[in-house]
Amino acid sequence: MSKSDRAKEPRPQTSGPLGIGLIGTKFMGRAHSTAWGKAAQFFDLKRQPVLQAVAGRNSDETTAFAAKWGWSSATTNWKSLLTNDAVELVDVSTPNHLHAQMAIACLEAGKHVACEKPLAGTLADAKLMVLAARAARKKGVQTFVWFNYRRCPAVALAHRLVKEGRLGRIFHVRASYLQDWGGPDTPLLWRFQSDLAGSGAHGDLNAHIIDMARFITGDEITEVVGAIEETFIKEREFIAHSADEASGKGAKVLKSSSLPSGKKSGKSTVDDAVLFLARFKQGAIASFEASRLATGNQNRNNIEINGEKGSIKFDFERMNELQWWDHTLDPKLRGWNRIMCTDATHPYASHYWPAAHPIGYEHGFISQAADTCAVVAGGSSIVPLPDFEDAFKTQCVLEAALRSARERRPVPLRELDKF
Ligand SMILES: NC(=O)c1ccc[n+]([C@@H]2O[C@H](COP(=O)([O-])OP(=O)(O)OC[C@H]3O[C@@H](n4cnc5c(N)ncnc54)[C@H](O)[C@@H]3O)[C@@H](O)[C@H]2O)c1
């Protein structure tokens, strides 16, 4: 959007409460409820979030969720948020196939939208979401995507170090997001069904590290050179409602008597792992790997970037630390430095505890909720927040990698980002 188009947008409301509506009450529903509930405790916000209404599917569960997590009302009809005047921003925390229909309806109703990642299950849905976001933007309605790892202080610091030129020219990006919960005992959750999830480890995990690589380097991927997609576990046990309330590895497998037509298992229609190689616009080369079967790697969101003047490494399993190699030092002094990113000079850290007191998983979400409130109030975020346009670039890389794996060819990004 041009500067003059932005100038024509209606002025944002800069004070007063900001009514939030949430759709989804499980893993991300809980993470985001914490975030909206705590943002104004840790950050000074001109517009403080108010937990107005939560939408789920099961009436008793949603009512209990609202009481537990501090929401004023509960509904089993998410569309009621569209006409709820107390709700100004809707948080979409549902499975990927629902992102487009929910986000677009909310934008058309004039609500800001904070949507979970990946932006959508499919590139076609993602395009529709971008078009809706562009139309909404002209009316001052904004979009956000929960790429929460940008707000780990160590990742935000890496972004700043690159921006300050401390890595110099970047040669390598080496990113992997490895988990190991997707073994044969894990049932056929929505995460293993392509009509609900779009893809498997790829959209779930590669989406995060593509976003982190783009965010830290400030550069864009121009080509996926090659890729491998693999589904190791072809069949998984049914659960009662595989698109329903079960989530993560704790899902219960029900007795075979309650399963559809006596069948015990169904086909997994997504990848368990995707690896790909890519090129960045400014010349860096990159590798990405996502897996749910990388035994021994529990939540290993890893990125290493090597530049002419220095390198950084981040591993989410040690999320408070950034490893830094300063190549400008006298060779006898060079070595990996472990920076504990808890000092007041580190991004976000001063909002939490005194120096040297680490933070946890939920703090990335709290920081994102706070930044979102600041931007809705016409201010700015501490480090850039992804909107639908931004998340669409990540979606295009996801799609390019899948095409590259399936068609066994390099895929230039310009093939995908046309409307
Ligand atoms: N940012 C992150 O790190 C992160 C982590 C996990 C999941 N996610 C993303 O968050 C989204 C949700 O994932 P999750 O792990 O919370 O899934 P989940 O299965 O734990 O929860 C999904 C929720 O959506 C609700 N839901 C489904 N259909 C609905 C409907 N029609 N109306 C209202 N509610 C409905 C379910 O009832 C459930 O409460 C996904 O897009 C996922 O990719 C992001």
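These questions and answers concern a predicted model.

Reader: How many of the residues of helix α8 are buried?
Author: Helix α8 covers residues 201–217, and its first and last C-alpha are 23 Å apart, close to the 24 Å expected. A residue counts as buried if 20 or more other C-beta atoms lie within 10 Å of its own. By that cut-off α8 is mostly covered, and the number buried is 17 of its 17 residues.

Reader: Where does α8 bend?
Author: Helix α8 has 17 residues, and Gly218, with a positive phi near 70 degrees, follows it. The bend is about 30 degrees, and its place is Ala207.

Reader: Which residue in the turn between β11 and β12 has a positive phi?
Author: Strands β11 (residues 273–280) and β12 (residues 285–291) run antiparallel and are joined by 7 bridges. One bridge pairs Leu275 with Glu289 in β12. The two strands form a hairpin with 4 residues between them, and the turn residue with a positive phi, about 105 degrees, is Gly283.

Reader: What is the bridge partner of Glu229 in β11?
Author: Strand β8 (residues 221–230) pairs with β11 in the antiparallel sense over 8 bridges. In β11, the partner of Glu229 is Val274.

Reader: Which helix gives the most to the largest nonpolar core?
Author: The largest nonpolar core has 114 residues, and Met129 is among those with the most contacts inside it. The helix that gives the most to this core, with 10 residues, is α10.

Reader: Which residue of α10 does Met129 touch?
Author: Met129 touches several residues, among them Ala100, Ala103 and Leu119. Helix α10 spans residues 388–407, and the residue in that range touched by Met129 is Phe388.

Note on methods. Residues are numbered from 1 along each chain as its sequence is written. This is a predicted model: local features need pLDDT of at least 70, side-chain atom pairs count only at pLDDT 80 or more; totals for chains, interfaces and linings use all residues. The expected span of a helix is 1.5 Å times one less than its number of residues. The bend at a residue is the angle between axes fitted to the seven residues ending there and the seven starting there. A residue is buried if 20 or more other C-beta atoms lie within 10 Å of its own, exposed if 12 or fewer, and partly exposed in between; C-beta atoms are placed from the backbone. Two strands pair if DSSP finds at least two bridges between them. A nonpolar core is a set of buried Ala, Val, Leu, Ile, Met, Phe, Trp, Tyr and Cys residues joined through C-beta atoms within 7 Å. Two residues are in contact if their C-beta atoms, placed from the backbone, lie within 7 Å. Lists of a residue's contacts leave out its neighbours within four places in sequence.
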